[in-house]
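User: I would like to go through some of the labels used for this structure and hear what each one rests on.

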Amino acid sequence: MALNPAFQSQGTRTLPLAFGYVQGTGDRVLDYTAPDGSLYWLYLLGEGEWDGPEQYSIGPSQHLYSAGKVAGNPLLGPAVWAQALHFHSGAYTPAGLPASAISPGPDQSYDPWFSAFPTVTPLQAFSGMAYYMVAGGPSVLRTITVPLPKPPGAALLPYVEPPSAPIAVWRTTRCRQFDAGGNVIGYGFTTNPTWHFIEATLRYKIKPQQPSIAGLTDAERACFHWQSIVDHAARNEAVQPNGLPRFIGSYLFAANATLTAVQELILRCCRSFQRLSGGRRIELVGDDPRAAVFFFGANHLLPGSLSIAKRNVSKAANVYVPKYRDLEIPAIAAVTTAVAGSAASPQPYSGGGNAITTLTLNSNNPFGSLALVSYGGGANPALNGQYFAGNEDIDGNGGLIALPGNVLRLQGHAAGVSTGAQTTGGFIGTQDSRFSERAPVTVQHRAHQRAVGQQAPGIAPQPRLVPVEYDCGNSTYDQTNRLMRFECIRNLGPDPGPATGTSWRAPFEGSVTGFLEAVDAQGNALVGVEPGDVIHLDDWVTPEFAGDFEVMDLDVTGPAADGSGAASLGTVKLNLLEVIPEAFVEVSDPPGDSYATVPGAELAMGTTHALDTNRPNTAWVLRATMSVSGSPSAITVAIPDLQLQLLGHATPTSYPGFHVTGLTAGQTYVLYLDDPTGAGLATFGYQAGSLPLTTYPAGRYVVYAGPIAVL
Amino acid sequence: MQRFGTGVTGPMAATGGTSPISLIEVLTLAGASFFWSEQRIIAPAILTGTASALYLDWVTGVPKFHRYRSTQTDTASFTLQNLSGNTVTRDAATLFDANELIGALVYYRMWRAAAETSLFDFMGNVDSCEINETEFTLSCEGFGNWSAVRAPAYQVDVCCPLTFGSMACGSLSATPCNNTYGSCSSRQRFDGVVTVWTSDLLAVPTTQLAQPAPSTASNLQRSF
């Protein structure tokens, strides 16, 4: 081992921005082996705050384990990793924070494992960056038993296996959620692309380098069309028959790019577009069927300005390939029957303790050794869940589980299922295969392939395939299939199939110019038409091409100052694309064998508007320089520069009068304030010991948690 | 779709009547404001909040706008006169010389004076301005200039990517830093990664390596 590790300067690399679920290790920037052999690694994840690890593995010898939070201890994070992983969410570190303020996370105080590094390493809190530290070895004590599916009663061991190649599934950036008035009504992890779009726009254009829990000033609020945003969020959140929201988003941006690239991926994943309503307010519009807003007649038309043509699709792509990482678990094998066992009759298993569920597959057992198995889609949904197959000898208590033929014996027992409960059907897969890379070629326009594949007289047309790839982040087959079919039909028109293709035609596009002050029979003004709106060309304008067209972009020319020219009163030129109702696909193609997934094994999707019950009052301490006075047994702590950013408030709130008395030097306390109205009028208090607080009434905010300095 | 009341659409649909005029407001970073129209008119101003601003009759030609359904940036162009002045200097040229218009806020309204309603709005920034013997042209980009905004915005580097004095930085010092650890006055918020330790080396190095002083460097991803 290296006792004098060398300093190495590092090259620059982008700190990622992520939304939704991503899988990865992070960027290792600190790696140290202590003299006793304990290992400490620090990984930067991305711009904070992140919500935390959903599943974690220390390396190929382990699997991705899910875990919940420690009950009643909101700041210690997942129990299973408390001894080996410290996650810090990426809030701002309080300015003035003493070096003694240490915490294993998820707040942004100094991590206690920093003390293992040589003192030449400056203490850093990585304010605003989500990061985690992992450790293993003799000095890192295990304090909490690894939970199920390992058999209970496992002995505690002092040694924690060092990580070899940690990887986790992360719940990434927490986003603000707003109401129709532009007020912050929630803050948390979400897979709703609406809130991703708003959060990215706020962070990089409207409110850069400001706390990501802050509300908006009136001027900032005026930059958005909030009703459209709320409607768009609800549209994405609508639950489909498969139980998932209509549109979800998970993506990671790790290369130098622009806000355009970020927005385009987000909008593509939810089949939407953005525009400036009234020329100044950001509006989000879902690409769904919508009625015409202007009926264009002959009296509106600038003579000679109508031009309609077929889209030039001779070289267009006709195979639409979404590239994504699958958020669902690929189905490895189909299940014929499943039988739930019990602890009393564990069937031929000598491991002891846990019940066994037996699956009969339609193929040989696909697992060569240990695996975490997800089962779902059976006739009895009560048996859906996660099980364990094989010998996971985490603490030396495991026994071998025979895996003969096509019978799979799984350790674990779904809650509430009685012994002998049976079901049929379903699929199995393994947690570790989530995020598999996918690029299905199921969306093809076969009529176009044949139309452009004509060779010569007497030779049958040969389909000419022209693929195009779309980056869809982390997604599902269902969503990407709907997105690609939308793109395909919109660009090429409906596909009647490969039979003859004679009924296929390319969509119409064109342009038309109207007088600036044109008003239709319904009282709608042409100058009010915006990009993305649908207009109707009536048959007085064009008998052959009458119908609905979408405005792709428009040119507005104001009135001529000198009144010269035929268009001296001003014009509006609309560039149009035919509206094809079949493009708005809501039901995906069947995935078939290649893309089938395990039903019921999805990660939790959607938005948690409600704040975390373990962190009910969200605030960041921006500044807190403690002043300690008094006698060792009667310490007074004052924080004259105390400043908090309360959730949803446009500006920070100062509490210069913060003080508490009666503390004992060297002891650990939680200092807090109560400000129910958020107006800056607060009372102050403390609790001996560590977090969590015993109660969290509305408006109670933690100011500091840690030891009080000795005078 | 922007909708208007019958008090606005009625006169528009009728033959005859007055045509709308342009109200162009420009506000520079230095605080200088300019108001232009086709006619000399007093009207409210958006950028300065003035209830009665005098718009000079400098607008010539036709204002042109292009709006997109995509993330492409909307654009606008205005042409103003460069004829008025005295025997020596011209007003527009003098303005062009004395003020920096690049990046200035622009707000345009197609104004129906009788209804005191704007038919069409454009908000953005001056992207370029050109002047010749007779005309002064402003080219503008819209508020949604997403391609001009870096994202992600930060680099992992020994230098801090934050802007000195921003809320994320939190420094109250009167002396700006140079984004290095040594010059940082808000070290709890320092976002550079100062030291990288690696255990890749299997042998103890023969040369004593001391922590070098942080070097002054430019973090190109630093947002301004």
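User: What makes Arg221(A) partly exposed?

Analyst: This is a predicted model, and all values here are computed from it. Arg221(A) has a relative accessibility of 21%. Buried means under 20% and exposed over 50%, so Arg221(A) falls in between and is called partly exposed.

User: Which label does Asp218(A) get, buried or exposed, and why?

Analyst: Asp218(A) is at 61%. The cut-off for exposed is over 50%, so Asp218(A) counts as exposed.

User: Why are the side chains of Arg221(A) and Asp218(A) said to meet in a salt bridge?

Analyst: The N to O distance is 3.0 Å. The rule asks for a side-chain nitrogen of Lys or Arg within 4 Å of a carboxyl oxygen of Asp or Glu, so the pair qualifies. Arg221(A) and Asp218(A) are three residues apart in helix α2 of chain A, which means about one helical turn separates them.

User: How do you know that Arg290(A) and Asp287(A) form a salt bridge, and how is each one classed?

Analyst: Their N to O distance is 3.1 Å, and the limit is 4 Å, so the pair is counted. Asp287(A) has a relative accessible area of 2% and is buried. Arg290(A), with 25%, is partly exposed.

User: What links Arg275(A) to other charged residues?

Analyst: Arg275(A) and Glu283(A) meet in a salt bridge at 3.0 Å, N to O, and both residues are buried. They belong to a network of salt bridges with Glu530(A), Asp533(A), Arg67(B) and Asp74(B). Within that network, Glu530(A) pairs with Arg67(B), their closest N and O atoms being 3.5 Å apart. That value is within 4 Å, so this pair also counts as a salt bridge.

User: How many salt bridges cross the interface of chain B and chain A, and what else describes it?

Analyst: The rule finds four salt bridges there, and 34 residue pairs are in polar contact. The contact takes 100 residues from chain A and 79 residues from chain B. About 8100 Å² is buried between the chains, and carbon and sulfur atoms give 57% of that area.

User: Why is Cys269(A) not placed in a disulfide?

Analyst: The closest cysteine sulfur, in Cys472(A), is 5.4 Å from the sulfur of Cys269(A). A disulfide needs the two sulfur atoms within 2.5 Å, so this distance is too far for a bond. Cys177(B) is likewise in no disulfide, with the sulfur of Cys169(B) 6.0 Å away. Over all chains, the count of disulfides is zero.

Notes: Residues are numbered from 1 along each chain as its sequence is written. Chains are lettered from A and ligands numbered from 1 in the order in which they are written. This is a predicted model: local features need pLDDT of at least 70, side-chain atom pairs count only at pLDDT 80 or more; totals for chains, interfaces and linings use all residues. Side-chain values use heavy atoms; hydrogens and water are left out. Contact means heavy atoms within 4.5 Å. Buried area is the accessible area (1.4 Å probe) that two parts lose on being put together, summed over both. A polar contact is a pair of N or O atoms within 3.5 Å; within protein, one must be able to donate a hydrogen and the other to accept it, and residues adjacent in sequence count only if both atoms are side-chain atoms. Helices (H or I, at least four residues) and strands (E, at least two) are DSSP runs, numbered from the N terminus. Buried means under 20% relative accessible area, exposed over 50%, partly exposed in between (1.4 Å probe, protein chains only).
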